[in-house]
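Thanks for making time this morning. I would like to walk through one model, starting from its strand pairing and ending with how far the coordinates can be trusted.

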Amino acid sequence: MPETIIRHASKTAITLMAFAIVFTSLMAYVFNVTKAPIEQSEAAARMSLFRQIMPEHMHDNDLLKDTVDIPPNPLLGTTQTTVANIARIQGQPTAIILEAIAHDGYSGDIKLLLAIEADGVVSGVRVITHKETPGLGDYIDIAKNNWIKLFDGQSLHTYTEADWRVKKDGGKFDYMAGATITPRAVVSAVHKALQYVVQNKQVLFTAQINQQPSAQAEKK
């Protein structure tokens, strides 16, 4: 009787082991088959977003490969290292695409993607994610309103320090009545990101061409 139980247990264990091996192999196969298409889809989506904030004639390089690591910085609202993309024409830097976070949104963080030209002019801004109240915060979303385009062509030279506020606070930027907190946070985040790029221009725009993030980190 004990031998029968042992044999039964052994068969069960072997069956479970075989099932685990087959399942693991199947999952690995599915991962390998879908990995490339997923990466291509993500790359296409990111390039589509890049085109919204920077004209294609501003670069002839591979934006996805020409990158530089950016350490956490309070002007960007970041707490972890992020990756910025450098635009170049014949090797000369023309713009940088980087992320910034406004932590003072009405309902939480507002994550931005900005393209800033080498001369400190904003090429474009898009809100990547936000948790603002539907209706009141929707107008920072390009799919629902063109408000975010107010930053196009602006710089620290075209607007003074006091101008980088919503009109309610004495600045130059429009806002929706009854919804001041959201645009106030975005305007402040864009202003700080501009300050960061201007202050760090020497480092940001002298990164080596086509450096992957890991290689850039090793270089540092």
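Arginine 88 has proline 93, in strand E3, as its bridge partner, and that pair belongs to an antiparallel pairing of E2 and E3 that runs over five bridges. Please keep in mind throughout that what you are looking at is a predicted model. The two strands form a hairpin with two residues between them, and in the turn glutamine 90 takes a positive phi of about 50 degrees.

If we follow the sheet outwards from that hairpin, E2 also pairs with E1, again in the antiparallel sense, here over four bridges, and threonine 67 has asparagine 85 of E2 as its bridge partner. On the other side of the discussion, E3 and E4 are antiparallel over eight bridges, with isoleucine 96 bridged to isoleucine 116 in E4.

How much of E3 is buried? Eight of its eleven residues are, so E3 is largely enclosed by the rest of the structure. A similar statement can be made for E2, where six of the eight residues are buried, so that this strand too is largely enclosed.

That brings me to the packing. In soluble globular proteins, nonpolar side chains tend to be buried together. In this model the largest nonpolar core has 38 residues, and the members that touch the most other members are Ile96, Leu98, Leu114, Phe151, Val186 and Val190. At least two residues of this core come from each of the strands E1 (67-70), E2 (82-89), E3 (92-102), E4 (110-117) and E5 (122-129), and likewise from helix H2 (181-199). Which of these elements gives the most to the core? It is H2, with nine residues. Apart from this core lies another one, of twelve residues, which includes Phe50, Ala95, Leu113 and Ala115.

Let me take two residues as examples of the contacts. Leucine 98, leaving aside residues up to four places away in sequence, touches Ile70, Leu76, Ala84, Leu112, Leu113, Leu114, Ile116, Tyr196 and Val197. Valine 125, which is found in strand E5, is buried, with a relative accessible area of 0%. With the same exclusion of residues up to four places away, valine 125 touches Ile53, Leu113, Leu114, Ile148, Phe151, Asp152 and Val190. Valine 125 and lysine 149 are 24 residues apart in sequence, and their C-alpha atoms are 7.0 Å apart in space.

As for empty space, a search of the whole structure finds one cavity of 30 Å³ or more, and about 30 Å³ of space lies in the largest cavity. Its lining consists of Met47, Phe50, Arg51, Met54, Glu56, His59 and Leu63.

Finally, a word on confidence, which matters for anyone planning to compute on these coordinates. The protein chain averages a pLDDT of 83, and 76% of the residues score at least 70. Which elements have the lowest and the highest mean pLDDT? Helix H4 (residues 213-219) has the lowest, at 40, whereas E4 has the highest, at 96. Over residues 210-220 the pLDDT is below 50, although in the model this stretch has 20 contacts beyond near neighbours in sequence. Where pLDDT is low, the predicted coordinates should not be read in detail.

How values were computed. Residues are numbered from 1 along each chain as its sequence is written. This is a predicted model: local features need pLDDT of at least 70, side-chain atom pairs count only at pLDDT 80 or more; totals for chains, interfaces and linings use all residues. Side-chain values use heavy atoms; hydrogens and water are left out. A nonpolar core is a set of buried Ala, Val, Leu, Ile, Met, Phe, Trp, Tyr and Cys residues joined through side-chain atoms within 4.5 Å. Buried means under 20% relative accessible area, exposed over 50%, partly exposed in between (1.4 Å probe, protein chains only). Contact means heavy atoms within 4.5 Å. pLDDT is the predictor's confidence in each residue, from 0 to 100. Two strands pair if DSSP finds at least two bridges between them. On a 1 Å grid over the protein atoms alone, a cavity is a set of points where a 1.4 Å probe fits but cannot get out, and a pocket is an open set with protein on both sides within 12 Å along at least five of seven lines; lining residues have an atom within 4 Å of a point. Grid points are joined across faces, edges and corners, and a volume is the space filled by probe spheres set on the points.
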